[in-house]
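Colleague: I would like to learn how to read burial along a helix. Please take me through one case.

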Amino acid sequence: MSLIEVNNLYKIFGPHPAERALPMLKEGKGKKEILKKTGCTVGINNASFTVEEGEIFVVMGLSGSGKSTVIRCLNRLIEPTSGEVKIDGEDIVGMSKDRLRHVRRKKLGMVFQRFGLLPHRSVIDNVAFGLEIQKVPREERYQSALQAIETVGLKGYEYQMTDELSGGMQQRVGLARALANDPKILLMDEAFSALDPLIRVQLQDELLELQASMHKTIVFITHDLDEALKLGGRIAIMKDGAVVQIGTPEDILSNPADDYVAAFVENVDRSKVLTASSIMRPTDVIYDTAGPHQCARRMRQIGSSTMVVVNRDRHFLGYVKIDDVIHLCKKVPSAEDDRDKWNLRAIIQEDMRTADVDDLIADMLGDASAQSLPIAVIEKNKHFKGIVTRAAILGAIGGESET
Ligand SMILES: Nc1ncnc2c1ncn2[C@@H]1O[C@H](COP(=O)(O)OP(=O)(O)OP(=O)(O)O)[C@@H](O)[C@H]1O
């Protein structure tokens, strides 16, 4: 089950939207015509998407495309005109006020662009504010607040007044306040947009780092494509209230759904968002306990002149070349028992480059050692996943293809 599920969501602002404007919108009438004939503004037009537990889901679009309206429908700060919004399986659209308050407190945290802090209160009292409203005893709420403050890197600033802090630090307080409740879901509306570019990049990096340990589910709104590509596991692109495409950064760059998305991503440097996992292919491997004859046979079978060697746990160890294998074969009598004494460990080369599954790999093009050999793609624990060739990298970033 998805943690957030939005089905056929509509929001129209203005007088009696459900009576005239909604049917017109469903008939396919445009935003301008509806405004002219009914005085109503279309905010969201039939949006459907799901957000999975633990992902960063970015909603991106130009100003006025409906991003803020969508995120505010997720916690019902805005009442949808029609449609379904399920949080953890519960439809919040028809939910009672009491239940909604409970869901907001326990499951949803929100971080705004303008930090929304209480200026004359200390950092800790701002962070603990939500818990204070919930009448959580002082000691308990301070404990949760201190932990959240430490998480966002503000330890030592607990008793500073928030209006004495820089913009970047205030935004950390905003984030800590949302985290203090330990919500499952963080809703972040243009959270970094008001910050200086350098601070903004720093907070993006920190958010990714935090996410690696916190595993929250994050809905992040931005109008900035670079930010969307950097943070988003998946990105929904909005235009005139409608979701025009949902996909991973690679999907969106490689297969834009329409001319609008294509124009949006036209000038993106693809090499910046290319990940090893998107262009690697699984490949045959040989275990380090194998003997040279066995390896030579396998290489002949698959017609390859290099072969990746892994250990029993599929940890990447290195590679062997056919010439070295044959050389070793000549020394070793062909017998199955060559294994123990003459296994491949003797000739494993260790300088084949490796890249994490999610590493950016374009810089490898510039490295001479990557030119002829493929790159081994590994997980953080060294578990071998597959290989990436130089031709695959060039193909993916639109350069000339080589074989
Ligand atoms: N309270 C409101 N009353 C009337 N129209 C509204 C209201 N809030 C939003 N709208 C309209 O709904 C549409 C979507 O607005 P929304 O603020 O969701 O867009 P956005 O993509 O978040 O833009 P921005 O980045 O500028 O905030 C716009 O046409 C906007 O004018």
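Modeller: Begin with the term: a residue is buried if 20 or more other C-beta atoms lie within 10 Å of its own, exposed if 12 or fewer, and partly exposed in between, with C-beta atoms placed from the backbone. Helices are DSSP runs (H or I, at least four residues), numbered from the N terminus. This is a predicted model: local features need pLDDT of at least 70, side-chain atom pairs count only at pLDDT 80 or more, and totals for chains, interfaces and linings use all residues. Residues are numbered from 1 along each chain as its sequence is written.

Colleague: Which residues of H7 are buried?

Modeller: Arg141, Tyr142, Ala145, Ala148 and Ile149.

Colleague: Why do they line one face of the helix?

Modeller: An α-helix has 3.6 residues a turn, so residues three or four places apart point the same way. Down the axis of H7, the buried residues fall within an arc of 125° (taken from the directions from the helix axis to the C-beta atoms), so they line one face. The face turned away from that side carries the exposed Glu139 and Glu140.

Colleague: What covers the buried residues of H7?

Modeller: The cover includes helices H5 (123-127), H6 (129-133) and H8 (167-180).

Colleague: With which residues is Ala176 in contact, leaving aside neighbours within four places in sequence?

Modeller: Contact requires C-beta atoms, placed from the backbone, within 7 Å. On that basis Ala176 is in contact with Val127, Ala148, Ile149, Thr151, Val152 and Leu154.

Colleague: What follows H7?

Modeller: Just after H7, Gly153 takes a positive phi of about 80°.

Note on methods: Helix = DSSP H or I, 4+ residues; strand = E, 2+ residues; numbered from the N terminus. Contact = placed C-beta atoms within 7 Å.
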